[in-house]
Amino acid sequence: MRIARFTTGDDPRFALVQQEGDKTFLAVLGGDPLYMPAMPTGERVELGDGVRLLAPVIPRSKVVAVGKNYVDHAKEMGGEVPSSPLLFFKPNTSVVGPDDPVVLPDFTQEVSYEAELAVVISKVCKDVTPENARSYILGYTVANDVTARDAQRVDGQWARAKGFDTSCPLGPWIDTDLNPEDVGVRSRVNGELRQDGRTRDMVFDVPFLVSYISEAMTLLPGDVILTGTPAGVGRIDHGDRVECEVEGLGVLANPVMRRR
Ligand code: ZN
């Protein structure tokens, strides 16, 4: 099942995604499937003119992200992998959806993309074991952990570097059936492949991360975990188009702009 959040100009609504050939239809749901069973209303709209996807979830309390969770990315950042997961937050105000612009802040001259598998939490989650983690996961989506690399280097804490508005594109939908153990995680800038990793190369896998984070803090329905990025990060600038992809899930594309 694929759950999307969309607008036709009015308030956001949720829908099940139905692919028919090269057309994408949205079977509209009543209410928010994070808090009630997914009940189709019978209305169906085609994705396209006037029907626009939004971030599939606005995290209720937090985005928890994991740094240096792929060995080759830790190396390219000039370090070793941490002995336990390195956690940081992105505020829910950093979330944008498919095709929304990533707006480069004035305080940075060096912004990077980071394609990541994102985990969407389904229910209140505290002190769960890795073995039980799956039952607290609604599904998966694609994230771009956009990072102001220059601010990250000088600030020590990463709140500004990774928390600015538009620094957390999520989408295009939540896939509830994806098996996250070994799927490709890729990014492209202006069509050129930049990252091409696989989730099997994560240092800490998804069940372990959910368990580890839940030992420290309560995860709420709609909270999101970003699971780290493979090697190949690099700069994006005004006018670029960045695409992040999780194999078997979909592609999240965003234009990049600087206000002038
Ligand atoms: Zn990241």
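This tour proceeds through a predicted model, one selection at a time.

**The metal site**

Begin by selecting the zinc ion together with Glu 114, Glu 116 and Asp 145, the residues that coordinate it. Each glutamate contributes an OE atom and the aspartate an OD atom, at 1.9 to 2.1 Å from the metal. Read along the sequence, these donors follow the spacing E-x1-E-x28-D. Display the surface around the two glutamates: Glu 114 and Glu 116 are both buried.

**The annotated span**

Next, colour residues 62-256. An unreviewed UniProt entry annotates this stretch as "domain: Fumarylacetoacetase-like C-terminal". Helix makes up 15% of the span and strand 37%. A distance drawn between the C-alpha atoms at its two ends, residues 62 and 256, comes to 24 Å.

**The aromatic rings**

A search of the whole structure finds four aromatic pairs. For one of them, select Phe 204 and Phe 208, whose rings are stacked, with 5.4 Å from centre to centre and 20° between the planes. Phe 204 counts as buried because its relative accessibility is 12%, under the 20% limit. Phe 208 has a relative accessible area of 33% and is therefore partly exposed.

Keep Phe 208 selected and add Tyr 212. Here the ring centres are 6.0 Å apart and the planes meet at 20°, so this pair is stacked as well. Both residues belong to helix 4, which covers residues 206-216. Because Phe 208 and Tyr 212 are four residues apart in that helix, about one helical turn separates them. Tyr 212 is partly exposed, at 25% relative accessibility. Show the three side chains together: Phe 204, Phe 208 and Tyr 212 form one aromatic cluster.

**Charges over rings**

Two further rings can be viewed with an arginine above each. Select Arg 44 and Phe 25: the charged end of Arg 44 sits over the ring of Phe 25, at 4.1 Å from the ring centre. Then select Arg 160 and Phe 107, where the charged end of Arg 160 sits over the ring, 4.5 Å from its centre.

**The cysteines**

How many disulfides does the model contain? The count is zero, and two selections illustrate the reason. Select Cys 125 and Cys 168: the sulfur of Cys 168 is the closest cysteine sulfur to that of Cys 125, yet it lies 19 Å away, which is too far for a bond. Now select Cys 168 and Cys 244. The sulfur of Cys 244 is the closest to that of Cys 168, and the 11 Å between them is again too far for a bond. Cys 125 is buried, with a relative accessible area of 0%, and Cys 168 is likewise buried at 0%.

**Around Thr 24**

Move to strand 3, residues 23-30, and select Thr 24 within it. Thr 24 is buried, with a relative accessible area of 11%. Leaving aside residues up to four places away in sequence, its contacts are Val 17, Gln 18, Gln 19, Val 45, Glu 46 and Leu 47. For one of these, draw a distance between C-alpha atoms: Thr 24 and Glu 46 are 22 residues apart along the chain, but the two atoms are separated by 6.0 Å.

**Backbone details**

Three places deserve a view with the backbone atoms shown. Select Gly 171 and Pro 172, where the peptide bond joining them is cis, with omega near 0°. Pro 172 is part of strand 14, residues 168-175.

Then select Asp 99, which has a positive phi of about 70° although it is not a glycine. Asp 99 is located in the loop between strand 8 (95-96) and strand 9 (102-104). At 46% relative accessibility, Asp 99 is partly exposed.

Finally, select Asn 190. Its phi is also positive, at about 50°, and Asn 190 is not a glycine either. The residue is found in the loop between strand 15 (184-189) and strand 16 (192-198).

Notes: Residues are numbered from 1 along each chain as its sequence is written. This is a predicted model: local features need pLDDT of at least 70, side-chain atom pairs count only at pLDDT 80 or more; totals for chains, interfaces and linings use all residues. Side-chain values use heavy atoms; hydrogens and water are left out. Donors are N, O and S atoms within 2.8 Å of the metal (3.2 Å for Na, K and Ca); water is not among the atoms, so sites may look incomplete. Buried means under 20% relative accessible area, exposed over 50%, partly exposed in between (1.4 Å probe, protein chains only). UniProt positions are given in the numbering used here, feature names are shortened, and annotations may be inferred rather than shown by experiment. Rings of Phe, Tyr and Trp (its six-membered ring) pair if their centres lie within 6.5 Å; planes under 30 degrees apart count as stacked, over 60 as edge-to-face and the rest as tilted. A charge sits over a ring if NZ of Lys or CZ of Arg is within 6 Å of the ring centre and within 35 degrees of the ring normal. A disulfide is a pair of cysteine sulfur atoms within 2.5 Å. Contact means heavy atoms within 4.5 Å.
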